[in-house]
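Got a minute to go through this one with me? Here are the sequence and the structure, and a few questions to work through.

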Amino acid sequence: MKTLNVAITGFGNVGSHIAQLLWQRQATYRERYGVDVRLVGVCRSRAGILYAHGLQAADLVSPNWTEGLTGEAFLQALQADVLIETGTSDFQTGGMGLVYLRHALRHNMQVIAVSKGALALHGRELFDTAKQAGLSLLVSGATAAALPTVDFVQRQLAGCEVLAIEGIFTGTANFILNQMMHAGIGFDEALQQAQADGIAEADSSFDTDGWDTAAKITIIANALFNTDLTIHTIARAGMAHLQAADMAAWRAQGLMPRLIGHITVQDGKVSAGVAVRAVDAEHVFYRVNGKNKAMQVVTREMGALCVQGGASSPQATAAATLKDLENLLKQA
Ligand SMILES: NC(=O)c1ccc[n+]([C@@H]2O[C@H](COP(=O)([O-])OP(=O)(O)OC[C@H]3O[C@@H](n4cnc5c(N)ncnc54)[C@H](OP(=O)(O)O)[C@@H]3O)[C@@H](O)[C@H]2O)c1
């Protein structure tokens, strides 16, 4: 039986859920793909563990961390076929996520990226490095996770020419917009309510200023259209300026505001951005409730197709990450 050695960098909510699911699904992978998938290493910000013979159940209960076994030290000691990066998203430099991804692709590892910083800043370089090395760089976790995006287009819409993509990619922003419309309140009040209910974090500006959507739409564009966009170069508008009066005006016209990430392909030119748009009751985005997301793809041959749902949770993100792993196993 073939063996596939997997490592995880970053071991917080998502990384630890992936480790658990990997362990639970090991027998399924053997049976379904004839591959023994072993978790051979994990690291967090200050420590790491290498499992010479693969993770055992007891390791999940009481991990035996080695201080300092992270970063370059972890990479130098690691022997893996697949690296799953779930560390912090650093949108200023790419941070250690960028170091992990570059190292993996230069050392013949398949890569599954869940963190977004490195991809949103250096996506073109990373996708090109992967392609030149004949490796996969799979990004479901970094591109709305539980909502299928890149692979939906690459697999389900293979054979189509894509003319446009638009989507609700940030669940928290969608939740707050829904609250604003239903209660007829402005942004500040809705945010305070969402924070009091534990739905929005103390600092939600990354989501509500459109940065999260910008990161996802940038990565989607670079993955699908060979573009060289970065989170800082695409047009971006957030929703913090919206007032109760804006809600009243939209309601009077039967419209619903949405924070939309969009890509347009025209005459071979690709443009992308983030903006608040008001959609009418006929639009599929009108009834995307709660923290759900949605994506509509307009193709020349099949017209418009839509996926929706995919509210975020560490477990859902872990499952989306293992979807990428299963796609690698199908090729193994
Ligand atoms: N949560 C979701 O549902 C979701 C969905 C899609 C994408 N993401 C992305 O996935 C990533 C992880 O999210 P999360 O919710 O799991 O975050 P988290 O709980 O804060 O975990 C982050 C992990 O990264 C580790 N880390 C920080 N610096 C590191 C370094 N230099 N080397 C190795 N590990 C390092 C942290 O180490 P310590 O344990 O030592 O602090 C922690 O284990 C983020 O980039 C996030 O944007 C999350």
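Q: Which residue in strand 10 is the bridge partner of Glu 166?
A: Keep in mind that this is a predicted model. Strand 8 covers residues 162-168 and strand 10 covers residues 255-266, and the two pair in the antiparallel sense over four bridges. Follow the bridge from Glu 166 into strand 10 and you land on His 262.

Q: In what order do the strands run in the six-strand open sheet?
A: The pairing in this sheet is mixed. Its edge strands are strand 9 (235-236) and strand 13 (303-309), each pairing on one side only. So start at one edge and walk to the other, given that strands of a sheet pair through backbone hydrogen bonds, either parallel or antiparallel. That walk reads 9-11-10-8-12-13.

Q: Which are the edge strands of the seven-strand sheet?
A: This open sheet also has mixed pairing, and its order is 4-3-2-1-5-6-7. An edge strand pairs on one side only, and that fits strand 4 (66-67) and strand 7 (137-138).

Q: Which residue in strand 6 does Leu 83 stand opposite?
A: Strand 5 (residues 82-85) and strand 6 (residues 110-113) run parallel, joined by four bridges. Look across from Leu 83 to strand 6 and you find Val 111.

Q: Where does the ligand sit?
A: On its own the ligand has polar partners to look at: one of its oxygen atoms is 2.9 Å from an N or O atom in the side chain of Arg 44. The protein covers 72% of the 900 Å² of accessible area that the ligand has on its own. As for the site, it's the largest pocket.

Q: Which side chain has an N or O atom 2.6 Å from a nitrogen atom of the ligand?
A: Don't mix this up with Ser 45, whose polar side-chain atom lies 2.6 Å from an oxygen atom of the ligand. Both residues are on the list of those that come nearest, along with Val 14, Gly 87 and Ser 89. For the ligand nitrogen, the side chain is that of Tyr 100.

Q: How many polar residues does the shell around the ligand have?
A: There are 22 residues around the ligand. Helix 1 (13-33), helix 4 (95-106) and helix 12 (314-331) each supply at least two of them. Sorted by class, the shell has seven nonpolar and two charged residues, and the polar ones number 13.

Technical notes: Residues are numbered from 1 along each chain as its sequence is written. This is a predicted model: local features need pLDDT of at least 70, side-chain atom pairs count only at pLDDT 80 or more; totals for chains, interfaces and linings use all residues. Side-chain values use heavy atoms; hydrogens and water are left out. A residue is near a molecule or strand if one of its heavy atoms lies within 4 Å of it. A polar contact is a pair of N or O atoms within 3.5 Å; within protein, one must be able to donate a hydrogen and the other to accept it, and residues adjacent in sequence count only if both atoms are side-chain atoms. Accessible areas come from the Shrake-Rupley method with a 1.4 Å probe; for residues, only the protein chains shown count as cover. On a 1 Å grid over the protein atoms alone, a cavity is a set of points where a 1.4 Å probe fits but cannot get out, and a pocket is an open set with protein on both sides within 12 Å along at least five of seven lines; lining residues have an atom within 4 Å of a point. A molecule sits in a cavity or pocket if more than half of its atoms lie within 2 Å of its grid points. Ala, Val, Leu, Ile, Met, Phe, Trp, Tyr, Cys and Pro count as nonpolar, Asp, Glu, Lys and Arg as charged, and the others, Gly among them, as polar. Two strands pair if DSSP finds at least two bridges between them.
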